[in-house]
Amino acid sequence: NQIAESNENNNSITLRNIVVQPPPPRRARVTVTFTSVTVHNDADPFADGEMWLDFNVGGQTGRFPTSGTVSVGEGSVRSINRSFTLTLQEGQRLTLLVNGTEEDLGAWPDENDRMGRVEREFFSSANWGAGQYSIRSTCPDGCYTIAFTISTVDLP
């Protein structure tokens, strides 16, 4: 009775049921780009080493170089420029594994040397680790530092 109305007979309400659905999980395109490798110890006591890297990014595999090996010595820096792109959704993690191997070409000790591995997990709660990284491998025989970037783009 505080506001004057021209029609007092239309004051009614119709009840409706409304169901609120939770939003779908966030989805993103996540790209990991390996940019370079720096060799600290080439695992070859006599000369420069010959190495390759095996990648596993979220189940996608690849190799650097694509075939054969690349010559490296202590302090060598090699450009890689190798990308892996995945579609992930909230709650899924990004797994990254890099294994380095130095090839022995029939000389003593006559077997390939492990140059270590880099293994990391990144979670959706931290935007799958978006940013730049430089991570040193474990060093059983030789060792290296792998540089890479992770970028994310939200999907509809």
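1. Two strands are taken as paired if DSSP finds at least two bridges between them, and with that meaning in hand the pairing of β2 and β4 can be described: the two strands run in the antiparallel sense over three bridges, and within this pair M51 stands opposite V70 in β4. The model discussed in this note is predicted, and the points below should be read with that in mind.

2. Strand β2 has further partners besides β4. Eight bridges join β2 to β6 in an antiparallel arrangement, with V57 placed opposite L96 in β6 and D54 placed opposite N99 in β6. Five bridges, again antiparallel, join β2 to strand β3, which covers residues 60–64, and here D54 stands opposite R63 in β3. A reader following D54 in the structure will therefore find a bridge partner for this residue in β6 and another in β3, given that strand pairing is defined through DSSP bridges.

3. The turn from β2 into β3 deserves a look of its own. The hairpin formed by these strands has two residues between them, and in it G58 takes a positive phi near 55 degrees. After β3, a cis peptide bond joins F64 and P65, with omega at about -10 degrees, and P65 is found in the loop between β3 and β4.

4. Strand β6 also pairs with β7, in the antiparallel sense and over nine bridges. In this pairing T95 stands opposite E121 in β7.

5. A set of four strands forms an open sheet in the order β5-β1-β9-β8, with antiparallel pairing. Because β5 (77–89) and β8 (131–136) each have a single partner strand, they stand at the edges, and one side of each is left without a neighbour in the sheet. Neighbouring strands of this sheet are turned by 20 degrees against each other on average, direction ignored. At the β8 edge, six bridges join β8 to strand β9 (residues 143–155), the two running antiparallel, and the partner of I135 across this pairing is I146 in β9.

6. The largest nonpolar core has 29 residues, and those with the most contacts inside it are F34, L53, F55, L94, I146 and F148. Two or more residues are given to this core by each of β1 (27–41), β2 (49–57), β4 (70–72), β5, β6 (93–103), β7 (113–123) and β9, and β1 gives the most, with six residues. In soluble globular proteins, nonpolar side chains tend to be buried together.

7. I146 can serve as a point of entry into this core, since it is named among the residues with the most contacts there. Leaving aside neighbours within four places in sequence, I146 is in contact with F34, S36, V37, L53, F55, I80, V118, Y133, S134 and I135. That list includes I135, which is also the bridge partner of I146.

8. What is the position of W128 in the model, and is this residue buried or exposed? W128 is in the loop between β7 and β8, and at 0% relative accessibility it counts as buried, the cut-off being under 20%. The side chain of W128 reaches the backbone oxygen of Q92 at 2.9 Å, while the C-alpha atoms of W128 and T85, 43 residues apart along the chain, are separated by 12 Å. N127 lies in the loop between β7 and β8 as well; it has a positive phi of about 55 degrees although it is not a glycine, and at 27% relative accessibility it counts as partly exposed.

9. A positive phi in a residue other than glycine is also found at N81, where the value is near 55 degrees. N81 lies in strand β5, and at 65% relative accessibility it counts as exposed.

10. In the loop between β8 and β9 sits S137, which at 6% relative accessibility counts as buried. Its side chain reaches the backbone oxygen of M115 at 3.1 Å, and, not counting residues up to four places away in sequence, S137 touches M115, G116, R117, V118, C143 and Y144.

11. How many disulfides are counted in the model? The count comes to zero, the cut-off being a pair of cysteine sulfur atoms within 2.5 Å. As for individual cysteines, C139 counts as partly exposed at 40% relative accessibility, whereas C143 counts as buried at 5%.

Technical notes:
Residues numbered from 1 in each chain as written. Predicted model: local features only at pLDDT ≥ 70, side-chain atom pairs only at ≥ 80, totals over all residues. Heavy atoms only, no water. Axes fitted to C-alpha atoms, helices over the stretch in contact; angles between N-to-C directions. Core = buried A, V, L, I, M, F, W, Y, C linked by side-chain atoms within 4.5 Å. Buried < 20%, exposed > 50% of the residue type's maximum accessible area, 1.4 Å probe, protein only. Contact = heavy atoms within 4.5 Å. Polar contact = N/O pair within 3.5 Å; in protein donor to acceptor, adjacent residues only side chain to side chain.
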